[in-house]
Amino acid sequence: MLFSKNAHSQLQSEGKDSTAQLAIRRLRLLAELINQSVGDALSDMLFVEVVLNHFRWSLQQWNAMYADLPSRMLKVNVKDRNAVQTTNAERTCTQPAGLQDRIDALVKQSSSRRSFVRPSGTEDCVRVYAEAATQKEADALAQQVEQAVVELCS
């Protein structure tokens with residue numbers, strides 16, 4: 001976890017009331033706990049402990065908050081992987097034009113769907129990720145997104 005200079009600056013401000021002051025103090029302490037230089041696993045573990053304690057959650061309650069959906073990852077060979085450009089931690093496609101609109105339309109066809117594409121960091125290909133309520137639906141969504149990539153990146 002990284003805190004921007006602006007975030008550090010905001011954490012030096014005083015809250016308008018006691019609730020805001022307590023929240024700012026807690027965030028300031030968390031910023032000191034987290035090792036932003038190397039992402040130290042021990043400080044990350046301590047951060048999780050603090051959050052669980054704050055919300056009075058057990059590990060079982062925390063684990064129950066997330067249910068893994070079936071997914072499919074495909075590799076689509078393309079002439080130039082750099083034709084695909086992304087933003088938002090590689091979850092939103094900005095180029096080629098129209099690809100993200102196609103993905104969004106496919107995702108909206110059913111609930112519990114998600115899909116994104118990103119250029120591979122090592123091969124001349126595009127990675128397609130899809131998840132859905134069932135494995136069959138995730139496979140179908142991945143194939144549909146793959147087809148859109150082939151059509152728009154040829």
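Trainee: What makes up the lining of the largest pocket?

Mentor: The largest pocket is lined by Arg26, Leu27, Leu29, Leu30, Leu33, Val50, Val51, Asn53, His54 and Phe55, and the model in which these residues are found is a predicted one. A residue counts as lining when it has an atom within 4 Å of a pocket point. Helices α2 and α3 each supply at least two residues of that lining, and the volume of the pocket is about 250 Å³.

Trainee: How do you know what span is expected of helix α2?

Mentor: The expected span is 1.5 Å times one less than the number of residues. Helix α2, residues 18-33, has 16 residues, and its span from first to last C-alpha is 22 Å, close to the expected 22 Å.

Trainee: Which residues of α2 are called buried, and what makes them line one face of the helix?

Mentor: Ile24, Leu30 and Ala31 are the buried residues of α2, the term being kept for a relative accessible area under 20%. Viewed along the axis of α2, the buried residues fall within an arc of 125 degrees, and therefore they line one face of the helix. As a general point, an α-helix has 3.6 residues a turn, so residues three or four places apart point the same way. What covers the buried residues of α2 includes α1 (5-11) and α3 (41-55), whereas Ser18, Arg25 and Glu32, on the other side of α2, are exposed.

Trainee: Which residue caps the N-terminal end of α2, and how do you know?

Mentor: The cap is Asp17, which has a side-chain oxygen 3.1 Å from the backbone nitrogen of Thr19. The cut-off for a polar contact is 3.5 Å, and the distance of 3.1 Å between Asp17 and Thr19 therefore falls within it.

Trainee: Why is Glu131 called buried or exposed, whichever applies?

Mentor: Glu131 has a relative accessible area of 11%, and the limit for a buried residue is under 20%, so Glu131 is called buried. This residue belongs to strand β5, residues 125-131, and its side chain is joined to that of Tyr129 by a polar contact of 2.6 Å. Beyond its neighbours within four places in sequence, Glu131 is in contact with residues including Leu69, Pro70, Ser112, Arg113 and Leu141.

Trainee: Ser112 is also part of that list; what makes its phi worth a remark?

Mentor: Ser112 is not a glycine, and yet its phi is positive, at about 60 degrees. Most residues other than glycine have a negative phi. Ser112 is placed in the loop between α5 and β4 (114-119), and a relative accessible area of 40% makes it partly exposed. Glu90 is another residue other than glycine with a positive phi, near 65 degrees; it lies in the loop between β2 (85-87) and β3 and is partly exposed at 36%.

Trainee: How do you know whether the peptide bond from Gln95 to Pro96 is cis or trans?

Mentor: Its omega is near 0 degrees, and the bond is cis. In general, most peptide bonds are trans. Pro96 itself lies in the loop between β3 (92-95) and α5 (99-107).

Trainee: Finally, why is Met45 neither buried nor exposed in these terms?

Mentor: Its relative accessibility is 47%, and the class between under 20% and over 50% is the partly exposed one, so Met45 counts as partly exposed. Met45 lies in helix α3, and its C-alpha is separated by 34 Å from that of Val126, 81 residues apart along the chain.

Key. Residues numbered from 1 in each chain as written. Predicted model: local features only at pLDDT ≥ 70, side-chain atom pairs only at ≥ 80, totals over all residues. Heavy atoms only, no water. Helix = DSSP H or I, 4+ residues; strand = E, 2+ residues; numbered from the N terminus. Buried < 20%, exposed > 50% of the residue type's maximum accessible area, 1.4 Å probe, protein only. Arc of directions from axis to C-beta. Contact = heavy atoms within 4.5 Å. Polar contact = N/O pair within 3.5 Å; in protein donor to acceptor, adjacent residues only side chain to side chain. 1 Å grid on protein atoms, 1.4 Å probe; cavity = no way out; pocket = protein on both sides within 12 Å on 5 of 7 lines; lining within 4 Å. Points joined across faces, edges and corners; volume = space filled by probe spheres on them.
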